[in-house]
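Got your viewer open? Let's walk through this one stop by stop, with something to select each time.

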Amino acid sequence: MSGAGGGGRLTSGRDPHTLEQRRRNMSAIRGRDTKPELIVRRGLHAAGLRYRLHGALPGKPDLIFPRRRAVVFVHGCFWHGHDCPMFKIPATKEDFWREKIARNQARDVTVQAQLQNSGWRVLTVWECALRGRAKLAPPLVIDTIRHWLDGREEIAVLAGDWTRVQSRAAVACQGSNLSRRS
Ligand code: ZN
């Protein structure tokens, strides 16, 4: 009888559920198998596009299309420092985060150059295109990726529709002004 804690429902370090949760957290921290990436993978798979995962290429692209000589990265807006409202430096340890994100950004630039130099086309899909206020409709994301794969554009970026979010905010603001006047 362990009896430690007495509550019985408290999870201990050996509780499988806790371990599973921890594994998922670690996986999220490493940036593997995160939700945005799965959205892309599942969508492309459903659209009949086949790819390889995390091959031995610079930067370990999330999806690799060897025959098309194309790779897709799904980048978290925070970790890769996207210029969008989903990227905010935490107030604590600000310098630490600034340096860390700057290093990630520098590495992304290097990796993209290396891939281009060896004849790969590179598409970066930002997290904000897949989730959050500015996300695009999933079929639109998949269509856009498919068109890029079929096209010739060497470098492309797919991000959330922040213009739409801002114009909506403006409309909401006008609306509230009007209702206040009436
Ligand atoms: Zn973003």
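First, a working rule: two residues are in contact if their C-beta atoms, placed from the backbone, lie within 7 Å. Bear in mind that this is a predicted model: local features need pLDDT of at least 70, side-chain atom pairs count only at pLDDT 80 or more, and totals for chains, interfaces and linings use all residues. Numbering starts from 1 along each chain as its sequence is written.

**Stop 1: the whole chain.** Colour by secondary structure and you should find 5 helices and 5 strands (DSSP runs, H or I of at least four residues for helices and E of at least two for strands, numbered from the N terminus). Along the sequence, the pattern goes α-α-β-β-β-α-β-α-β-α. Among contacts between residues at least 6 apart in sequence, 65% join residues at least 24 apart. Of the 182 residues, 22% count as buried (20 or more other C-beta atoms within 10 Å of the residue's own; exposed is 12 or fewer, partly exposed is in between, and C-beta atoms are placed from the backbone).

**Stop 2: the core.** Select Val40, Val71, Val72, Leu123, Val125 and Ala129: of the 28 residues in the largest nonpolar core, these touch the most other members. A nonpolar core here is a set of buried Ala, Val, Leu, Ile, Met, Phe, Trp, Tyr and Cys residues joined through C-beta atoms within 7 Å. The elements giving two or more residues to this core are H2 (35–46), S2 (63–65), S3 (70–75), S4 (121–126) and H4 (138–150). S3 gives the most, with 5 residues.

**Stop 3: Val125.** Centre on this residue and leave aside its neighbours within four places in sequence: Val125 is in contact with Val40, Val72, Phe73, Val74, Leu130 and Leu158.

**Stop 4: H2 against H4.** Show just these two helices. They pack at an angle of about 70 degrees, with their axes 10 Å apart (axes are lines fitted to C-alpha atoms, for helices over the stretch in contact, and angles run from 0 to 180 degrees between N-to-C directions). H2 and H4 are therefore roughly perpendicular, a label that covers 65 to 115 degrees (under 35 is roughly parallel, over 145 roughly antiparallel, the rest oblique). For sticks, pick Ile39, Val40, Gly43 and Leu44 on H2, and Pro138, Val141, Ile142 and Ile145 on H4, which make the contact.

**Stop 5: Phe65.** What does this residue of strand S2 touch, beyond its neighbours within four places in sequence? Phe65 is in contact with Tyr51, Ala70 and Leu149. Phe65 is buried, because 20 other C-beta atoms lie within 10 Å.
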